[in-house]
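The following exercises concern a single protein model. Each sets a task and then works through the solution step by step.

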Amino acid sequence: MAEARGGELPFSEEAVMADFLRDHVDWTRDLVVDARKVEEGALRRHEAAAWLREVVGEFAAKDLPAEPCEAEFRAGLRSGIILCKALNVVQNGAVHKVYHSI
């Protein structure tokens, strides 16, 4: 490295650290925000699954795990049967007939 007069470096440790932080803080902040969004999404999904299982009963919600990943949550609700049953609990007769596929 090049040295300035008197054995001092031409830049300070503070300047190097400031440059590093300026270049990397936004990137690490984005990672933290993304991780927090994933955690919040999983928590909401688990809460929704728990509520649906409580409302329609464990047997009726057999296709919906208690703590589903996103793919399991979508698959469990894809047929619409759990949602129709939940609607009928919330408002009796909202869905006149629920068709179960084989």
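**Exercise 1. Classify the exposure of C69 and C84, and state how many disulfides the structure holds.**

Step 1. Relative accessible area is divided into buried (under 20%), exposed (over 50%) and partly exposed in between, with a 1.4 Å probe and protein chains only. C69 has a relative accessible area of 37% and is therefore partly exposed.

Step 2. C84, at 23%, is also partly exposed.

Step 3. With a disulfide taken as a pair of cysteine sulfur atoms within 2.5 Å, the structure holds zero disulfides.

The model is predicted: local features need pLDDT of at least 70, side-chain atom pairs count only at pLDDT 80 or more, and totals for chains, interfaces and linings use all residues. Residues are numbered from 1 along each chain as its sequence is written, and side-chain values use heavy atoms, with hydrogens and water left out.

**Exercise 2. Find the salt bridges and describe the setting of each partner.**

Step 1. The criterion is a side-chain nitrogen of Lys or Arg within 4 Å of a carboxyl oxygen of Asp or Glu. A search of the whole structure gives two salt bridges.

Step 2. One joins the side chains of R53 and E58, at 2.4 Å from N to O. R53 is buried at 14%, whereas E58 is exposed at 53%.

Step 3. R74 and E70 form a salt bridge at 2.6 Å, N to O. These two residues lie four apart in helix α2, so about one helical turn separates them. R74 is exposed at 52%, and E70 is partly exposed at 43%.

**Exercise 3. Which residues make up the largest nonpolar core, and which elements give two or more residues to this core?**

Step 1. A nonpolar core is a set of buried Ala, Val, Leu, Ile, Met, Phe, Trp, Tyr and Cys residues joined through side-chain atoms within 4.5 Å. The largest has ten residues: A49, L52, V56, A60, A61, L64, F73, L77, I82 and A86.

Step 2. Helices are DSSP runs (H or I, at least four residues), numbered from the N terminus. Those giving two or more residues to this core are α1 (13-56), α2 (70-78) and α3 (81-90). The largest share, three residues, comes from α1.

Step 3. Contact means heavy atoms within 4.5 Å. Leaving aside residues up to four places away in sequence, F73 touches R45, A48, A49, L64 and P68.
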